[in-house]
Amino acid sequence: YHYYNSYYLVLNNSNDIVVVDDKTFKLQTVITGMTLPRYFISSANGQYGYVTSNTGECIYEIDLSTNKIINKIPYDPKPSPDSAWASWTEQMAGYNNNIYVTAVKTGKLLVINNAMQKLTNTINLSIGAKNVVLDGENEMWVLCDGTLANPFIKSKLYRLDPEFFYVLDTFTFPDINISPGNLTISPRGDSLYYVYGGIYKMGIKQKSLPTSPIVSGSGHDFYG
């Protein structure tokens, strides 16, 4: 993840974030004190970084002027049938003064207010919430992988209003056994891309999921 003149490299297994110079790739510092970090994002004002975790029971907040952890925003939804992974948080997106965090096992979108430095809202979605993007019209999309539920449920793609915290559209994938993922937004912010066997493209104005991939998944295993 690039911020200012540095790359922040999240190393999940070693519980670190390695910060390197974006031109020379020389080591600048190592941020420690996390449990299984997953994703990094910086706040809109550039003061803070936020890091999600597989099992850390919090979202870590980092002061980007010192690259030190200054806060652990708690997220511990136990008791849960899958308590070891109940606090798993994944991808994030920013809008205005908020950071939006996907909570995988509880199927929620958590809202962190940068100024208050705490959770201020929760949007209920579906189990397997893991990918989130903001489109060119400042609407948010969250992909929920139903194969992360036990038993499986159908996966869903949500379109949300991030300002007023409500769901605008819900799109349900037809095959309960196929895991969708890798949701991304085009550079113009007008098209979504995701993997669902093959690679699919969906315009942000479409009212239904596309039925045919732009790249067939036959004989391929897409990952990235």
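Below are some worked exercises on the strands, aromatic rings and exposure of this predicted model.

Before you start: residues are numbered from 1 along each chain as its sequence is written. The model is predicted, so to speak of local features we need pLDDT of at least 70, side-chain atom pairs count only at pLDDT 80 or more, totals for chains, interfaces and linings use all residues, and side-chain values use heavy atoms, with hydrogens and water left out.

**Exercise 1. Work out the order of strands 1 to 4 in their sheet and find which strands sit at the edges.**

Step 1: Get the terms straight. Strands are DSSP runs of E with at least two residues, numbered from the N terminus, and two of them pair if DSSP finds at least two bridges between them.

Step 2: Read off the order. The sheet is open, with four strands running 1-2-3-4 and antiparallel pairing. Strand 1 (2-3) and strand 4 (27-31) are the edges, as each pairs on one side only.

Step 3: Walk across the sheet. Strand 1 and strand 2 are joined by two bridges, with H2 opposite Y7. Next, strand 2 meets strand 3 over six bridges, and here L9 faces V18. Finally, four bridges tie strand 3 (residues 16-21) to strand 4, where V18 stands opposite V30.

Step 4: Check the turns. The hairpin of strands 1 and 2 has two residues between the strands, and Y4 takes a positive phi near 55 degrees. The hairpin of strands 2 and 3 has four residues in between, with N15 in the turn at a positive phi of about 65 degrees.

**Exercise 2. Sort the residues of strand 2 by covered and uncovered face, then follow Y7 to its aromatic partner.**

Step 1: Split the strand. S6, Y8 and V10 are on the covered face, while Y7, L9 and L11 are on the uncovered one.

Step 2: Put a number on Y7. Its relative accessible area is 29%, so Y7 is partly exposed. (Buried is under 20%, exposed is over 50% and partly exposed is in between, using a 1.4 Å probe and protein chains only.)

Step 3: Look for rings. The whole structure holds eleven aromatic pairs. One of them is Y7 with F25, which is tilted, at 5.7 Å centre to centre and 50 degrees between the planes. For the cut-offs, rings of Phe, Tyr and Trp (its six-membered ring) pair if their centres lie within 6.5 Å; planes under 30 degrees apart are stacked, over 60 edge-to-face, and the rest tilted.

Step 4: Place the partners. Y7 is in strand 2 (residues 6-11) and F25 is in the loop between strand 3 and strand 4, so the pair links parts of the chain 18 residues apart.

**Exercise 3. Decide whether strand 15 is largely enclosed or not, and name its neighbours.**

Step 1: Count the buried residues. In strand 15 (residues 156-161), five of the six are buried, so the rest of the structure largely encloses this strand.

Step 2: Find the neighbours. Strand 14 (residues 140-144) pairs antiparallel with strand 15 over five bridges, and strand 16 (residues 166-172) does so over six.

Step 3: Use Y158 as a marker. Y158 stands opposite V142 in strand 14 and opposite T170 in strand 16.

Step 4: Close the hairpin. Four residues lie between strands 15 and 16, and F165 in that turn has a positive phi of about 65 degrees.

**Exercise 4. Classify S218 as buried or exposed and locate it.**

Step 1: S218 lies in the segment after strand 19 (198-203).

Step 2: With 58% relative accessibility, S218 counts as exposed.
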